[in-house]
Amino acid sequence: MGHVSGPVAEIDLLLPPSDLSGFVREFSEDYLRRTRAGMWDDSRAALSPLELDSRERILDVGCGTGELSRVLAAESPGEVIGCDADPELLRAAGEFVPTVAGDAHRLPFPDDAFDLVVCQALLINLPDPAAALDEFARVSTDLVAAVEPNNEAVEIESSVRAEGALERRARDAYLDGIDTDVALGADAREVFDDATLDVLETRRYDHVRTIEPPYSDGAVRAARRKATGAGLADDRETMLDGPLTAAEYDELRSEWRSMGRDVIDQMEDREYRRAEAVPFFVTVGRLSDGAGTRTHDQG
Ligand SMILES: C[S@@+](CC[C@H](N)C(=O)[O-])C[C@H]1O[C@@H](n2cnc3c(N)ncnc32)[C@H](O)[C@@H]1O
């Protein structure tokens, strides 16, 4: 039997958990906490097509540390369950909602267990996002939603002149090395169509993160990771999977570390300021005839 952790364990029809070793991209708790800081705090208007005030059971797939799960739990009278393939992250999400380990392509729940199945920044990490949406449709009776970014359209302004251009270079090299659609947010409607879900609405939400004095511990840690090159090193293998050569990577890393030292210098003088805007798109669909049948057929 699958295992629900957390205070509410009303879902007692869990299917046996599937093998979770197939999922590839890993995220650290620190990265998710830092990059989601303040998300949905300024406005939740883009979430209104999710009809949260009338939901009874919500599943947040690929919930990570539960950054969206806790917003769903605050906005809905219904029960919210978080599901992720990474048990480490689930431990953190368990602070906010009950959690279940599971693969988005083979959710450990029976048909029709929820009236909303939603994900945030999951589909951009999956090679076949329509297959996952099919599976969402299988376990939903009504709504399926995806909150996905367009990571090709991230904008950065920084008081360290080189930072914006270097981050763009590093991001482009990383995106060239991966084989999933990181711009999917802007085109999620097409994936919903592939999964035979009727799209009700798409709304945009720009997640703007600013760093300015007084600096948070997370901001100081991020600056140190720039100066040591540690953050870039984590992505080295992925970058080298694209056209970037090892020599180009070394050159990028050296410029990156120098930029990181400038960030730290400016922080010491309380002069460092940075703003990053990531466009997210909330796409909401309703089950149409035949939705979820691909996954039903898998038995
Ligand atoms: C970018 S993070 C997003 C986390 C969270 N939704 C948020 O917005 O902060 C992507 C998450 O999807 C999870 N994930 C990736 N592939 C998965 C799969 N096949 N099944 C379930 N979760 C998966 C990762 O472990 C990670 O927690």
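How many of the 11 residues of helix 4 (residues 129-139) are buried? In this predicted model, the count comes to nine, so helix 4 is largely enclosed by the rest of the structure. The buried residues of helix 4 are Pro129, Ala132, Leu133, Asp134, Glu135, Phe136, Ala137, Arg138 and Val139. That makes helix 4 a handy place to start, and the wider chain comes next.

The chain holds 11 helices and nine strands. Out of its 299 residues, 39% count as buried. Contacts often reach a long way along the sequence: taking those between residues at least 6 apart, 78% join residues at least 24 apart.

Now for the nonpolar cores. The largest one has 59 residues, and Val61, Val117, Leu123, Leu133 and Ala145 are those with the most contacts inside it. Strand 9 supplies the largest share of this core, six residues. Another core, of 15 residues, lies apart from it, with Val160, Ala222, Met259 and Val263 among its members. Back in the largest core, Val61 shows what such a crowd looks like. Not counting residues up to four places away in sequence, Val61 touches Cys83, Ala104, Leu107, Val117, Cys119, Leu122 and Phe136. One of these, Phe136, is also among the buried residues of helix 4.

Strand 9 (residues 274-287) turns up again in the strand pairing, where it has several partners. Strand 8 (residues 197-211) runs antiparallel to strand 9, and 14 bridges link the two. Strand 6 (residues 140-149) is also antiparallel to strand 9, this time over seven bridges. Strand 7 (residues 155-158) pairs with strand 9 through four bridges, again in the antiparallel sense. Individual bridges show how these pairings line up. Arg286 in strand 9 is the bridge partner of Leu143, and Arg286 is also the bridge partner of Asp198. Further along the pairing, Ile156 has Glu276 of strand 9 as its bridge partner.

Thr141 sits in strand 6. Is Thr141 buried, exposed or partly exposed? It has 15 other C-beta atoms within 10 Å, so Thr141 is partly exposed; a residue needs 20 or more to be buried. Leaving aside neighbours within four places in sequence, Thr141 is in contact with Asp112 and Asp115. Asp111 is 30 residues away from Thr141 along the chain, yet their C-alpha atoms are separated by 8.2 Å.

Next up is helix 10 (residues 246-268), with 23 residues. From its first C-alpha to its last, helix 10 reaches 33 Å, close to the 33 Å expected at 1.5 Å a residue. Its buried residues are Trp256, Met259, Gly260, Asp262 and Val263. Helix 5 (163-177), helix 7 (217-228) and helix 8 (230-234) are included in what covers them. Two of the buried residues named here, Met259 and Val263, also belong to the core of 15 residues. After helix 10 comes Arg270, which has a positive phi, near 55°.

The model also includes a ligand. Around it are 21 residues, and the closest are Gly62, Gly64, Ala85, Ala104 and Gln120. Helix 1 (29-36) and helix 2 (67-75) are the elements that give two or more residues to this shell. By type, the shell residues divide into 10 nonpolar, five polar and six charged. Ala104, one of the closest residues to the ligand, is also touched by Val61.

A few spots in the loops have backbone features to look at. In the loop between strand 5 (114-120) and helix 4 lies Ala121. Its phi is near 55°, a positive value in a residue other than glycine. Ala121 counts as buried because it has 25 C-beta neighbours inside 10 Å. Glu51, found in the loop between helix 1 and strand 2 (57-61), is another residue other than glycine with a positive phi, near 50°. Here the surroundings are thinner on neighbours than the cut-off for burial: Glu51 has 16 other C-beta atoms within 10 Å, so it is partly exposed. Finally, the peptide bond from Pro213 to Pro214 is cis, with omega near -5°. Pro214 belongs to the loop between strand 8 and helix 7.

Definitions and conventions
Residues are numbered from 1 along each chain as its sequence is written. This is a predicted model: local features need pLDDT of at least 70, side-chain atom pairs count only at pLDDT 80 or more; totals for chains, interfaces and linings use all residues. Two strands pair if DSSP finds at least two bridges between them. A residue is near a molecule or strand if its C-beta atom, placed from the backbone, lies within 6 Å of it. Ala, Val, Leu, Ile, Met, Phe, Trp, Tyr, Cys and Pro count as nonpolar, Asp, Glu, Lys and Arg as charged, and the others, Gly among them, as polar. The expected span of a helix is 1.5 Å times one less than its number of residues. A residue is buried if 20 or more other C-beta atoms lie within 10 Å of its own, exposed if 12 or fewer, and partly exposed in between; C-beta atoms are placed from the backbone. Two residues are in contact if their C-beta atoms, placed from the backbone, lie within 7 Å. A nonpolar core is a set of buried Ala, Val, Leu, Ile, Met, Phe, Trp, Tyr and Cys residues joined through C-beta atoms within 7 Å.
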